[in-house]
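Please look through the model below before reading my comments. They are short and are meant to be checked against the structure.

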Amino acid sequence: MKIIVPVKRVVDYNVKVRVKPDGTGIDLANVKMSMNPFDEIAVEEALRLKEAGKAEEVVAVSIGPAQAIETIRTALAMGADRGILVKVDGPTEPLAVAKILREIVKAEEPGLVILGKQAIDDDCSQTGQMLAALLDRPQGTFASKVEIDGDHVMVTREIDGGHETVKLDLPAIVTTDLRLNEPRYASLPNIMKAKKKPVDEKTPDDFGVDVTPRLDVIKTADPPGRTAGVKLESAAELVEKLKEAGVL
Amino acid sequence: MTTLLIADHDNAALKDATAKAMTAASALGADVHILVAGKDCRPAAEEAAKLAGVAKVLHADADEFEHQLAEPLAALVVSLADGYGALVASATTGGKNFMPRVAAILDVMQISDISAVISPDTFERPIYAGNAIQTVKSNDAKKVITVRVAAFKAAESGGSAEIETITPPDADATSSFVGAEIARSDRPELTAAKIVISGGRAFQSSDNFKKYLEPIADKIGAAIGASRAAVDAGYAPNDYQVGQTGKVVAPELYIACGISGAIQHLAGMKDSRIIVAINKDSEAPIFQVADFGIVGDIFQILPELEKAL
C-alpha cells in the first residue's frame with residue numbers, strides 16, 4: 001500500500017503573527033516558516049505504518065509557492081520516499097487544494113491519504129474532508145489512533161465529549177489530531193539523504209484545476225485587545241471582586 | 001432563499017451549539033429550517049421546533065444517522081441543498097466533520113468558523129489562532145458556513161415550527177461506527193458553561209487535577225477545562241482542551257490555574273468576559289489578558305479559594 005501525505009508550508013508555530021498596518025493581510029516578511037504541525041504528525045503516522053510493514057511507500061505532496069520544496073524536503077528527511085510539489089503562487093484555498101489532491105490520488109492510487117486536521121494559518125479544517133468527498137471515499141477525521149486491519153482502517157477520533165472509533169473501507173482519508181503520535185526529528189544524515197530523493201514538480205494546469213480563490217479577503221484586522229487587570233493578594237479578595245463583577 | 005441549519009444533537013436532546021448557530025443562521029436574513037438527522041431523534045426535533053425564529057424542522061430518522069457519520073449525513077444534506085441559499089452548521093467536532101464534505105460535493109468553498117455575520121455573503125472569521133480577524137466575502141452562489149458558537153448568543157425558545165418527516169436517499173456505506181467512550185458528567189458542557197475553571201501543567205498529576213479543581217467546579221457550577229500541556233501530560237482527558245485546536249469558549253468567567261498562557265491557549269478563551277489567572281510565575285503571559293490575577297502556588301491558593309467561595 002502507498003500512503004500520500006499532503007504537507008503545508010505555514011508560519012512557524014512559535015511566531016506571533018502581526019497584522020499589516022494597512023489591513024491587507026499578515027506580515028510574512030522575514031517570518032520563520034515550517035511544516036504545519038498537524039502535517040508533521042501525518043508524516044510520522046505514515047512512516048510508522050511503513051515501518052510496521054503496513055505500507056511500502058510514503059509520498060509527500062505540497063501545494064504552494066516554490067519554497068514549499070523545503071517543506072517536502074523536511075518530510076523526506078523524516079523518512080518519506082519521494083515528493084510532489086504543485087507550484088501555486090498566491091493564496092491556496094482548501095477546495096482547490098482538494099481538487100489537485102484528487103487528481104494526484106487518481107494517478108497514484110494510494111491506500112490511505114493522511115492529512116493534518118487543520119492548518120495553523122487559515123484554521124479552516126476542510127481539506128481532508130473535501131478530498132474524501134471528491135473521491136467519494138470514507139473519512140476518519142481528528143484521529144488519535146489509526147490501525148490498518150486488512151481491507152479496513154480503524155480510526156479512533158477525538159470528538160466533543162470523548163472518543164469514538166469508526167471502521168472505514170480502504171482507500172480512506174484520515175486527518176490527524178494532536179495526540180496521534182509525537183513526530184520524530186530528522187537526523188543530519190537523513191537530511192543529507194533527503195536532498196537526493198526525487199521530487200516531481202507540477203502546476204495546477206497539469207491537473208486542469210482552477211485555483212482562483214472563491215473567497216475575497218476584504219480586510220484583515222487585529223482582534224479586539226485585552227489589557228492586563230489588577231493583581232490581587234488573596235483568594236478572599238478575588239471572591240469579593242468576582243461578586244462585585246456579578247460573575248459569582 | 002431559505003437557510004438550512006443542520007442541528008447538533010445526541011438524538012435525545014438538542015445541543016446548546018444548535019441554539020447558538022441558530023442566531024448566526026437568522027442573521028443571514030432569510031427563513032431558517034433546521035435539519036435534525038439521527039436515529040429515534042424525535043425529541044431533538046421537537047426541541048428544535050421550539051427555537052425562536054425557526055420556520056420548519058426537517059426530521060430524518062434512520063439507522064445510518066445514529067452516530068452522525070459524515071458520509072451519510074453529508075449525502076443527506078446535499079440531497080436537500082437545492083432548495084436552500086445557505087447551509088449552516090456549528091463548528092463543533094460534528095459540523096467540522098461533515099460540513100466540508102457537503103461543500104466539496106456542491107463545489108463551494110466553505111467559510112469556516114465564522115465569528116460575525118456582516119451581510120448575507122460577508123463574514124468575519126478568526127485566523128492564526130485568533131491573532132487576526134479576517135473579513136471574507138463569498139463569491140459562491142450557495143453559502144456553506146460553520147459557526148464559532150462561542151461568538152453567538154443562544155436563540156431564545158418560544159417557537160412552534162411544524163416538523164416535517166423526510167426520507168433520506170439510499171447510499172452505499174463505506175464507513176461504520178464501532179464504539180465510543182463519552183464521558184458522562186453532571187457538570188455543564190465546556191462550550192456552554194457560564195463559568196470555566198481550567199488547569200495546566202502545574203498540576204503535576206491527574207489526581208491533583210481532580211483534587212484541586214473538582215471541588216471548586218462543583219461549588220460554583222463550572223465546567224472544567226485544560227491547557228494542551230495538561231492534556232498531553234495525561235492529567236486531563238482530550239475533550240477538556242481549550243485552545244486553537246481544542247475547544248473555543250467564551251464564558252462569563254474563566255479561571256486559569258497554573259496555565260502560562262501560550263497563544264494557542266489564549267485563542268480558545270480570550271473572549272471570555274472576566275478572566276482570572278492564578279500562576280506562580282508573575283511574568284506568565286496569561287496575566288496580560290487577565291482581569292484579576294493572583295501570583296502564587298495553585299496548591300495553596302485553590303484550597304483557599306474553595307473555602308472563600
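The points below go from the chain contact to the strands, the helices and the domains.

1. Status of the model. This is a predicted model. Every comment that follows should be read with that in mind.

2. The contact between the chains. How many residues does each chain bring to the contact? Chain A gives 67 residues and chain B gives 73 residues. On the side of chain B that touches chain A, 36 residues are nonpolar, 22 are polar and 15 are charged.

3. A strand pair across the two chains. Strand S9 of chain A, residues 162-169, pairs with strand S11 of chain B, residues 175-182. The pairing is antiparallel and runs over seven bridges. To find the place in the model, start from Leu168(A), which stands opposite Ser175(B) in S11(B).

4. A sheet with strands from both chains. Six strands make up an open sheet, and their pairing is parallel. The order is S13(A)-S16(B)-S15(B)-S14(B)-S12(B)-S13(B). Which strands lie at the edges? They are strand S13 (230-232) of chain A and strand S13 (223-226) of chain B, each of which pairs on one side only. From one strand to the next, the twist averages 20°. Take care with the chain letters here, since the two edge strands are both numbered S13.

5. One pair inside that sheet. Strand S14 (residues 253-257) of chain B and strand S15 (residues 274-279) of chain B are joined by five bridges in the parallel sense. Leu253(B) has Ile274(B) in S15(B) as its bridge partner.

6. Two packed helices in chain B. Helix H3 (residues 70-80) and helix H4 (residues 93-105) of chain B pack with their axes 9 Å apart, at an angle of about 45°. H3(B) and H4(B) are therefore oblique to each other. Their crossing is right-handed. H3(B) makes the contact with Ala70(B), Leu73(B), Ala74(B), Val77(B) and Val78(B), while H4(B) uses Asn97(B), Phe98(B), Arg101(B), Val102(B) and Ile105(B). By class, the residues of this contact are eight nonpolar, one polar and one charged.

7. The domains of chain B. The domain assignment gives domain 1 as 2-165 and domain 2 as 195-308. Taken over C-alpha atoms, the centres of domain 1 and domain 2 of chain B are 31 Å apart. Six residues of domain 1 and nine residues of domain 2 take part in the contact between them. The domain 1 side of this contact has three nonpolar residues, two polar residues and one charged residue.

Notes:
Residues are numbered from 1 along each chain as its sequence is written. Chains are lettered from A and ligands numbered from 1 in the order in which they are written. This is a predicted model: local features need pLDDT of at least 70, side-chain atom pairs count only at pLDDT 80 or more; totals for chains, interfaces and linings use all residues. Two residues are in contact if their C-beta atoms, placed from the backbone, lie within 7 Å. Ala, Val, Leu, Ile, Met, Phe, Trp, Tyr, Cys and Pro count as nonpolar, Asp, Glu, Lys and Arg as charged, and the others, Gly among them, as polar. Two strands pair if DSSP finds at least two bridges between them. Helices (H or I, at least four residues) and strands (E, at least two) are DSSP runs, numbered from the N terminus. Axes are lines fitted to C-alpha atoms, for helices over the stretch in contact, and angles run from 0 to 180 degrees between N-to-C directions. Angles under 35 degrees count as roughly parallel, over 145 as roughly antiparallel, 65 to 115 as roughly perpendicular and the rest as oblique. A crossing is left-handed if the near helix is turned anticlockwise from the far one by less than a right angle, and right-handed if clockwise. Domain bounds come from an automatic or database domain assignment.
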